[in-house]
Amino acid sequence: MFTTGAESLLLQAREIRDEELGKFCARVCALLRKEDWGPDAVDALRRLFLIVSATKYNRRLEKPCVALLQTTLCSPTCPEQLQLLCAAVLREMSPCDGLSLSCDHIQNTRQLDLVASVLLAQGDQQQVRSLGRCVLKVLESRQPEGPGLRHLLPVVSKVTSVAPDALHEGQTRALSKRLGDWLRYASVQQGVAHSSGGFFSTPRARQLGPVTEVDGAVATDFFTVLSTGQRFTEDQWLNVQAFSMLRAWLLDSSPGGSSAPDADDRSELEGSTLSVLSAASAAGHPLPPQEWLQEKAFEYCQRLLEQSSRRALRKADSDLQKACLVEAVLVLDVLCRQDPSFLYRTLSCLKPLYTRLRGDPAWVRALLPVAQFFLRHGEAAAVDAEAVYQHLFTRIPAEHFHSPMLAFEFIQFCRDSLPLLGRNLGVLRTSFPNLFKFLAWNSPPLTSDFVALLPSLVDAGTAVEMLHLLLDLPCLTAALDLQLRSLQAASERPPWDVSVRAPGCLEAFRDSQVQGLFQHLLRAQASGTAERLTPLYRLLQPLAGCARVVQCAEAVPTLLRAFFSAVTQFANGALASQLALLLLERSDSLYQVPGYEAAVHRVLGSQFPALCKLHPPLVVEQAKELLEFVGGPRGGGHVLTSVVWAIGEYLSVSWDRRCTVEQINNFFEALEALLFEVTQSRPSTTLPKCPPQVISVLMTTLTKLASRSQDLIPSCPRPSAWDTPSGRWSLHESPFCVRGVSAAARPGPSRPQSLRSCQRGGPQPRAGRRTLPNLPKTASRRGPHPLPP
């Protein structure tokens with residue numbers, strides 16, 4: 001992020017010790033005591049600022065140095081550059097007990113602005129209140145067009161946000177009146193430009209004419225932030241500053257604040273009457289300051305909506321149009337919440353605006369505040385907000401998932417809209433496949449937002465489908481990447497494009513045989529069905545190493561934990577069984593991204609016992625599927641361990657009366673065969689080493705099952721008395737035997753007969769117990785059980 005030189009300077013600043021800093025502070029003090037501050041003082045203060053800001057902890061400066069910095073900052077004869085550096089150093093030290101700044105006798109607005117920045121960084125409420133009174137006093141002592149007032153308006157906005165009670169009612173009314181004047185009555189003429197006039201002539205002032213609109217036309221209405229020109233007057237700067245703080249000031253200065261009665265509490269007839277009365281009052285006699293500001297703010301926002309429809313000549317002006325339009329709609333929303341009389345006047349502007357914006361992809365970000373306005377006030381204004389939301393959730397994520405700013409704003413919009421939607425979350429929940437496109441493409445910055453949003457998105461009807469999509473999220477990222485690249489010409493693709501080296505991906509994307517799978521993965525709304533995407537995994541495998549796909553895969557475990565945390569709050573027995581079977585099914589059906597399968601297996605392994613705890617009869621109800629899982633080549637070590645543990649814990653009559661001895665015997669035989677396989681298999685290049693946790697859990701589960709059946713009690717596995725040549729038995733020299741399989745029948749050193757035979761006093765196995773238990777063919781003669789490392 002920094003250049004090599006900058007990194008070197010930062011490293012040197014961090015390595016300066018306290019003794020060296022003390023000596024440097026003494027040098028700074030000597031330079032500041034001089035009557036004539038020169039470039040040496042500026043250079044020393046720059047170095048001091050670098051030292052105190054290079055570390056995350058506060059540096060301690062000598063008290064004389066701190067006192068001289070404050071004296072220099074408050075000196076009326078000090079150059080502005082030096083004051084700026086002193087304020088920067090003091091801000092970096094804040095909060096600090098040694099500061100004793102006061103703004104009571106400062107009249108210079110720029111100097112007052114710098115002192116205020118230090119006092120606000122201190123965070124002392126009493127100092128903030130004193131600062132607010134001092135700033136208002138300076139504002140009241142000057143005419144609105146006086147020089148330098150624009151430096152103080154951001155200070156007022158910050159003071160009211162930190163300490164809302166800093167200003168008394170009279171000061172609030174006075175400032176509201178002035179803000180309304182600055183918004184509505186700024187000059188429409190450009191500032192005066194000074195030309196040199198040549199070598200033998202004196203400089204002369206030159207009037208530049210009226211301000212213009214963003215499309216180059218001469219402005220015919222009052223000045224706004226979207227008016228353009230070469231130079232601006234002081235009152236025009238105040239106009240811009242007033243608009244920048246308008247929304248926060250309306251919320252802080254209103255008697256009801258942001259909790260003013262909503263427009264939905266008023267009837268349509270009452271709102272229409274209030275609208276007429278408000279207009280008549282504005283035309284008749286002067287309004288109170290707060291209502292005056294609201295009226296002028298409404299006119300200002302109307303003017304911005306009109307200016308936003310003009311075609312800007314420069315891209316910077318076009319971006320400014322979008323930002324101002326968003327802010328104008330937000331201000332109108334505040335006005336309608338505070339005074340319902342503005343609602344019907346606002347709707348006459350926003351309905352045509354929405355029609356214009358929805359047809360222009362360049363203005364898609366401006367649709368979000370308009371939609372939120374309709375959601376908040378739609379019922380009182382008879383607006384079909386659901387149709388607006390349907391358009392937003394259906395088209396925007398599918399067409400603009402690759403815009404990072406829109407993705408962030410859209411998800412924030414969804415989170416902010418949750419209290420307004422209340423129980424009407426149907427549109428939001430059915431649109432989760434579209435919302436997940438934002439997540440798949442922008443997973444690192446949006447993961448925490450989706451963790452907070454997931455509990456509102458998932459319900460009993462979408463849980464199974466959502467879990468499928470969460471597990472397929474890296475595959476969705478690869479499909480979106482392929483979709484975006486398929487729209488570009490080959491010459492426009494970057495040289496590192498993976499699809500250039502694997503053209504089969506793009507060809508497969510257009511193949512009619514897999515189009516159905518791609519369409520299912522890229523669907524806009526929940527379909528209620530789930531399809532196996534294994535063919536897509538193979539087709540998209542060349543994209544599995546892309547950085548974006550890997551980043552998405554790293555976010556999936558966190559999202560899975562949030563998903564299960566939300567589901568367990570409402571899941572019933574049927575849903576728990578569905579999700580448990582889905583875990584077993586998908587444990588060996590994942591998109592092969594490096595490290596993804598192991599991370600997902602850890603989460604699935606931790607969640608399977610939680611589902612069984614939620615619905616203990618699950619093990620008995622799904623006995624057939626669990627037998628197939630432990631007997632077949634499925635699952636990883638974490639998943640298998642959790643399944644085996646759940647069998648030993650919940651396969652009991654105490655949890656489910658339907659549990660039978662036959663089921664216990666079948667599970668015992670399957671797990672006994674599995675234990676034999678994992679303990680007798682030798683490590684090789686094709687077979688991974690078995691985790692010790694699997695063996696430990698298998699032994700524990702076999703002991704539990706044996707204790708629940710009279711026929712299995714003699715088969716409870718216990719350590720043998722013999723030793724290996726190394727002094728203790730190892731993973732590949734297990735003392736446990738499968739029933740009926742004697743030690744003499746197996747290669748290796750001489751071993752005792754089976755535990756059951758030993759317990760009877762000799763090798764006398766019962767009839768019918770000389771072969772491996774009856775298991776599915778895939779389990780009885782398939783070789784060692786495959787487990788991940």
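**Figure 1. Surroundings of Gln171 in helix α9 of the predicted model.** Gln171 belongs to helix α9, which spans residues 169–184. With a relative accessibility of 8%, Gln171 counts as buried, since the cut-off for that class is under 20%. Beyond its neighbours within four places in sequence, Gln171 is in contact with Arg133, Leu136, Glu140 and Ala166. The C-alpha atom of Gln171 is 8.9 Å from that of Lys137, a residue 34 positions away along the chain.

**Figure 2. Salt bridge between Asp165 and Arg129.** The closest N and O atoms of this pair are 3.4 Å apart. Asp165 is located in the loop between α8 (153–162) and α9, whereas Arg129 is part of helix α7 (residues 125–140). The bridge thus links distant parts of the chain, its two residues being 36 residues apart. Asp165 is partly exposed, at a relative accessible area of 48%. Arg129 also counts as partly exposed, with 22% relative accessibility.

**Figure 3. Salt bridge between Glu327 and Arg247.** Here the closest N and O atoms lie 3.0 Å apart. Glu327 is found in helix α14 (residues 315–338) and Arg247 in helix α11 (residues 246–253), so the bridge ties together parts that are 80 residues apart in sequence. Glu327 has a relative accessible area of 17% and is therefore buried. Arg247, by contrast, is partly exposed, with a relative accessible area of 28%.

**Figure 4. Salt bridge within helix α23, and a network of shared partners.** Asp481 and Arg485 form a salt bridge in which the closest N and O atoms are 2.4 Å apart. Both residues lie in helix α23 (residues 473–486), separated by four residues, or about one turn of the helix. Asp481 is buried, with a relative accessible area of 8%. Arg485 likewise counts as buried, at 15% relative accessibility. Elsewhere, Glu213, Asp215, Arg303, Glu306 and Arg310 are joined into one network by salt bridges that share partners. The structure holds 29 salt bridges.

**Figure 5. Packing of helices α17 and α18.** Helix α17 (residues 385–400) packs against helix α18 (residues 404–421) at an angle of about 160°, and their axes are 12 Å apart. The two helices are therefore roughly antiparallel, as angles over 145 degrees fall in that class. Their crossing is left-handed. On the α17 side, the contact is formed by Tyr389, Leu392, Phe393, Ile396, Pro397 and His400. On the α18 side, Leu406, Phe410, Phe413, Cys414, Ser417 and Leu421 take part. By class, this contact between α17 and α18 comprises 10 nonpolar and two polar residues, with no charged residues.

**Figure 6. Packing of helices α30 and α33.** The axes of helix α30 (residues 596–614) and helix α33 (residues 637–650) come within 7 Å and cross at roughly 15°. Helices α30 and α33 are therefore roughly parallel to each other, the limit for this class being under 35 degrees. The crossing of α30 and α33 is right-handed. Helix α30 contributes His601, Arg602, Leu604, Gly605, Phe608, Pro609, Cys612 and Lys613 to the contact. Their counterparts in α33 are His638, Val639, Ser642, Val643, Trp645, Ala646 and Tyr650. By class, the contact of α30 with α33 holds nine nonpolar, four polar and two charged residues.

Terms used
Residues are numbered from 1 along each chain as its sequence is written. This is a predicted model: local features need pLDDT of at least 70, side-chain atom pairs count only at pLDDT 80 or more; totals for chains, interfaces and linings use all residues. Side-chain values use heavy atoms; hydrogens and water are left out. Axes are lines fitted to C-alpha atoms, for helices over the stretch in contact, and angles run from 0 to 180 degrees between N-to-C directions. Angles under 35 degrees count as roughly parallel, over 145 as roughly antiparallel, 65 to 115 as roughly perpendicular and the rest as oblique. A crossing is left-handed if the near helix is turned anticlockwise from the far one by less than a right angle, and right-handed if clockwise. Contact means heavy atoms within 4.5 Å. Ala, Val, Leu, Ile, Met, Phe, Trp, Tyr, Cys and Pro count as nonpolar, Asp, Glu, Lys and Arg as charged, and the others, Gly among them, as polar. Buried means under 20% relative accessible area, exposed over 50%, partly exposed in between (1.4 Å probe, protein chains only). A salt bridge is a side-chain nitrogen of Lys or Arg within 4 Å of a carboxyl oxygen of Asp or Glu.
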